[in-house]
Amino acid sequence: MTALELDHSMMQRALELAARGLYSTQPNPRVGCVIAEADKIVGEGWHMKAGEPHAEVHALRKAGDQARGATAYVTLEPCSHVGRTPPCADALIHAGIVRVVYAMKDPNPLVNGTGLAKLQTAGIQVSGPILESAAQDLNAGFIKRMASGLPLVRIKMGMSLDGRTALANGISQWITCEASRNDVQHWRARSSAILTGIGTILADDPSLTVRSNTIDTQGRQPLRVICDSHLRTPPTAKVVGSAGTTIYTTASPRHCGMADVIQVGADTQGKLDLELVLRELAMLGCNEVLVEAGATLAGALIERGLVDELLLYVAPVLLGPQARPLLDLPLLSHMSERVEMQLLETQQFGSDVRLRYRVINEF
């Protein structure tokens, strides 16, 4: 095995470790670390939960004295600032690490190159980026929040082959199969918040919680967020029956179950300012937002250029032209106005197919 092949192999292992924090590190990034002497791993770890030790610290503890003279493979540039935990760059220096290989720089302005510079100043050899694309995919929401002040927004919808989400009378349970619904729980678990509209609350009375017993979220539930311009959410709704729900409205706030009610301004169309809502969520540390809503809110988010991905579960059924459409979008006059997508992945769940798209342009 060449030196480059060894680096790739070790970094691949570090990425596998980082993915173990997929559901639990919010609002922090998912990070893995491997400590190795040549091709022998002497310590490894991953960041498990915000406020707890970072990946490098876990790996160094397992390596013990064997860390001296070893190489550290880290999926994200070691931090150089004091947050809830001490700087990981300092820990690597003090442990006697002689080389650090990183997958990507940290987009956090508090770090962003300073961690690597600190290592180099201490005489540690720094190499990278390696497997950068994979590391970026793992933390796409964190990267976007750091770069733009907005979370990554992913719309989840179940639909028929003819692009319908419910019958004309509103009945939608169940278009998709049980395997698809179970898969949705994983997307909920990895999300910082689940966003819905008042129409969905009134029609379906959802709980919007992670229900699978097979997903270890370290006790974390995503924030539940309701866009409700006129504050019509019933105080008896399931989603406001426990803490962790926020309602954004343009109306005067009032008590509504255990939810936090926040008044925000309207946009130029006189509707709830959805970008402002998302910026508020980003300020709360939300990296990924999963939208589970009807055609109106989903269409409004796409129309305003606020959506990054579509997660579509397609069932092998036809509901006909009178059934409800996937999205409410404005009338287009020219093909140049169309919204284009890039297919990221296709996977089958039971009788359904899940299509994951990236939005590559907007209105």
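Trainee: In this predicted model, is Glu 292 buried or exposed, and what is its relative accessible area?

Mentor: Glu 292 sits in the loop between strand 12 (288-291) and helix 10 (295-303), and its contacts beyond four places in sequence include Lys 156, Arg 188, Thr 196 and Leu 208. Buried means under 20% relative accessible area. Glu 292 falls in that class, as Glu 292 is buried with a relative accessible area of 8%.

Trainee: Where do the buried residues of helix 3 fall when seen down its axis, and within what arc?

Mentor: The buried residues of helix 3 (residues 88-95) are Cys 88, Ala 89, Leu 92 and Ala 95. They line one face of the helix, because seen down the axis of helix 3 they fall within an arc of 135°.

Trainee: Which elements do those buried residues of helix 3 pack against?

Mentor: Just after helix 3, Gly 96 takes a positive phi of about 90°. As for the packing, the buried residues of helix 3 meet helix 2 (55-63), strand 3 (71-74), strand 4 (99-102) and helix 4 (114-121).

Trainee: How many residues apart along the chain are Glu 44 and Arg 13?

Mentor: Glu 44 and Arg 13 form a salt bridge whose closest N and O atoms are 2.7 Å apart, and Arg 13 is partly exposed, with a relative accessible area of 23%. The pair links distant parts of the chain, since Glu 44 belongs to strand 2 (residues 40-46) and Arg 13 to helix 1 (residues 3-18), and the separation is 31 residues.

Trainee: Which residues are joined with Arg 30 and Glu 288 into one network of salt bridges?

Mentor: The side chains of Arg 30 and Glu 288 meet in a salt bridge at 2.8 Å, N to O, which links the loop between helix 1 and strand 1 (32-37) to strand 12 across 258 residues. Arg 30 is buried at a relative accessible area of 7%, and Glu 288 is likewise buried at 3%. Salt bridges that share partners join these two into one network with Arg 154, Asp 183, Arg 190, Glu 309, Glu 345, Arg 354 and Arg 356.

Trainee: What distance separates the backbone oxygen of Pro 325 from a polar atom of the side chain of Thr 165?

Mentor: Thr 165 lies in strand 7 (residues 164-166) and is buried, with a relative accessible area of 16%. Its side chain has a polar atom whose separation from the backbone oxygen of Pro 325 is 3.4 Å.

Terms used: Residues numbered from 1 in each chain as written. Predicted model: local features only at pLDDT ≥ 70, side-chain atom pairs only at ≥ 80, totals over all residues. Heavy atoms only, no water. Buried < 20%, exposed > 50% of the residue type's maximum accessible area, 1.4 Å probe, protein only. Helix = DSSP H or I, 4+ residues; strand = E, 2+ residues; numbered from the N terminus. Arc of directions from axis to C-beta. Contact = heavy atoms within 4.5 Å. Polar contact = N/O pair within 3.5 Å; in protein donor to acceptor, adjacent residues only side chain to side chain. Salt bridge = Lys/Arg side-chain N within 4 Å of Asp/Glu carboxyl O.
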